[in-house]
Amino acid sequence: MKFRTDFVTNSSSSSYILKECDFEKVRKELLEKGRDYALNHPREIKFEGCNAEYWIRIDQGNLSPEELEHLRARTFRLHEENTLTPSEIHQEYMKYYTYFLGKIFQELIPLRQCLPFFLWEIIEWYWNDLLEICLHGLDHYLSGGRKTEEIENYLKEIQKSRLSEDTATKMAGLLILKFMSDKWFGTNLSDEEETTDLLVFSEEYLQRILLPEVQDQWSLFWIHDMTRPLQAFLKRYGKRFRELSVPYLGLTMGEIAEAVLGPVYVYFNTQETDYLIGDPICELPVCILGCNHMG
């Protein structure tokens with residue numbers, strides 16, 4: 001699991017991708033982790049416990065200025081007077097934890113339904129992870145079998161290894177997804193201004209846009225550092241790229257991403273998630289990718 005600590009965009013957001021699983025079992029496990037965190041992080045839990053009602057009501061919205069001021073005053077008083085017992089703080093914190101955990105599970109959607117902007121951020125943030133999954137498979141990745149983390153290592157692996165047909169097809173899908181997401185982001189279109197040729201990989205898109213671009217080695221697509229492993233892939237499999245692209249014709253960006261990763265579920269929120277909630281999620285054996293603060 002890769003945890004990001006730097007900043008690459010102008011906004012904060014959170015993302016978790018979970019392998020298909022029994023969500024009720026995961027929910028129970030996360031509630032147990034929340035209780036453990038409440039016992040082991042007394043300072044942080046006191047802060048979140050005192051703020052529980054405040055954060056929940058703010059998130060729910062529809063507060064009048066008078067109600068908002070009342071909540072602020074109550075929160076300040078609880079902090080200053082320290083009137084809550086450890087047991088009460090624990091109970092208040094678990095309300096906060098359970099509420100936001102419920103939101104995350106309610107908003108988990110299949111990756112194929114993920115909006116283009118979210119896909120773009122996921123691809124940018126988890127680029128090395130996606131390469132690892134393409135090259136070695138999701139089970140190997142989740143079992144902690146990653147051995148390569150640097151782009152140069154991936155380059156050598158692609159250049160020297162004879163990729164299986166499945167791996168080569170997934171690498172082609174990743175290249176298509178990278179190209180489409182970058183092109184979509186470069187248009188500055190909102191999700192409400194979707195255009196079919198940007199969201200669906202069609203025969204026309206392949207022939208008119210993608211193939212000419214990948215064949216022009218002076219294009220920005222080729223000189224961008226993040227595409228170097230894909231450049232190496234194209235040098236070995238370029239003559240077969242049209243053939244390897246066929247399984248993705250007619251698919252949306254989300255469907256291509258799911259074809260590469262498999263049937264997984266994604267939670268994406270434009271606000272960052274508290275680390276006391278995010279860290280336990282990232283520790284789950286079914287969590288493929290996770291970040292509390294994506295930018």
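Where does Phe 47 lie? Keep that in mind as you go through these points; the model is a predicted one.

1. **A starting residue.** Phe 47 is found in helix α2. With a relative accessibility of 41%, Phe 47 counts as partly exposed. Together with Trp 55 and Ile 58, Phe 47 makes a nonpolar surface patch of about 260 Å². Try colouring these three side chains in your viewer before you move on.

2. **Salt bridges across the structure.** How many salt bridges does a search of the whole structure find? The search gives 14. Side chains of opposite charge can pair when their charged atoms come close. The next three points take up some examples.

3. **Helix α2 and helix α3.** Look for Arg 74 and Glu 53, which form a salt bridge with their closest N and O atoms 3.3 Å apart. Arg 74 belongs to helix α3 (residues 65–81) and Glu 53 to helix α2 (residues 42–60), so this pair, 21 residues apart, links distant parts of the chain. Glu 53 has a relative accessible area of 30%, and is partly exposed.

4. **Helix α2 and helix α4.** Which residue does Lys 103 meet in a salt bridge? The partner is Asp 59, at 3.0 Å from N to O. Here too the pair links distant parts of the chain: Lys 103 sits in helix α4 (residues 86–106) and Asp 59 in helix α2, with their positions 44 residues apart in the numbering. Is Lys 103 buried or exposed? Its relative accessibility is 17%, and Lys 103 counts as buried because the cut-off for buried is under 20%. Asp 59, at 35%, is partly exposed.

5. **A small network.** Glu 243 and Arg 240 form a salt bridge, and their closest N and O atoms are 3.0 Å apart. These two residues are also linked with Glu 165 in a network of salt bridges. Both Glu 243, with a relative accessible area of 47%, and Arg 240, with 27%, are partly exposed.

6. **The largest cavity.** Now turn to the spaces inside the model. A search of the whole structure finds two cavities of 30 Å³ or more. The largest holds about 70 Å³ of space. Its lining includes Ile 17, Leu 111, Leu 119, Ile 122 and Val 260. Which elements give two or more residues to this lining? They are α5 (116–125), α9 (165–186) and α15 (253–261). By class, the lining of the largest cavity has eleven nonpolar residues, with no polar and no charged ones.

7. **The second largest cavity.** About 30 Å³ of space lies in this one. Among the residues that line the second largest cavity are Tyr 16, Leu 18, Ile 104, Phe 105 and Ile 281. Strand β1 (14–19) and helix α4 each give two or more residues to the lining. Its residues divide into seven nonpolar, no polar and no charged. Helix α4 is worth a second look here, as Lys 103 of the salt bridge with Asp 59 is in that helix.

8. **The largest pocket.** What is the volume of the largest pocket? The value is about 440 Å³. The pocket is lined by 16 residues, and those nearest its centre are Phe 100, Gln 271, Glu 272, Thr 273 and Asp 274. Helices α2 and α4 and strand β5 (264–269) each supply at least two residues of the lining. The largest share, five residues, comes from α2. Eight of the lining residues are nonpolar, three polar and five charged.

9. **A backbone detail.** Finish with Asn 62, in the loop between α2 and α3. Its phi is near 60 degrees, which is a positive value in a residue other than glycine. Most residues other than glycine have a negative phi. Is Asn 62 buried or exposed? Asn 62 is exposed, with a relative accessible area of 81%.

10. **Back to helix α2.** If you want one element to revisit, choose helix α2. Phe 47 lies in this helix, Glu 53 of the salt bridge with Arg 74 is there, and so is Asp 59, the partner of Lys 103. Helix α2 also gives five residues to the lining of the largest pocket.

Key
Residues numbered from 1 in each chain as written. Predicted model: local features only at pLDDT ≥ 70, side-chain atom pairs only at ≥ 80, totals over all residues. Heavy atoms only, no water. Salt bridge = Lys/Arg side-chain N within 4 Å of Asp/Glu carboxyl O. Helix = DSSP H or I, 4+ residues; strand = E, 2+ residues; numbered from the N terminus. Buried < 20%, exposed > 50% of the residue type's maximum accessible area, 1.4 Å probe, protein only. 1 Å grid on protein atoms, 1.4 Å probe; cavity = no way out; pocket = protein on both sides within 12 Å on 5 of 7 lines; lining within 4 Å. Points joined across faces, edges and corners; volume = space filled by probe spheres on them. Nonpolar A, V, L, I, M, F, W, Y, C, P; charged D, E, K, R; others polar. Patch = residues over 30% accessible without salt bridge, like charges linked within 9 Å, V, L, I, M, F, W, Y side chains within 5 Å. Areas by Shrake-Rupley, 256 points an atom, 1.4 Å probe, with all protein chains shown as cover.
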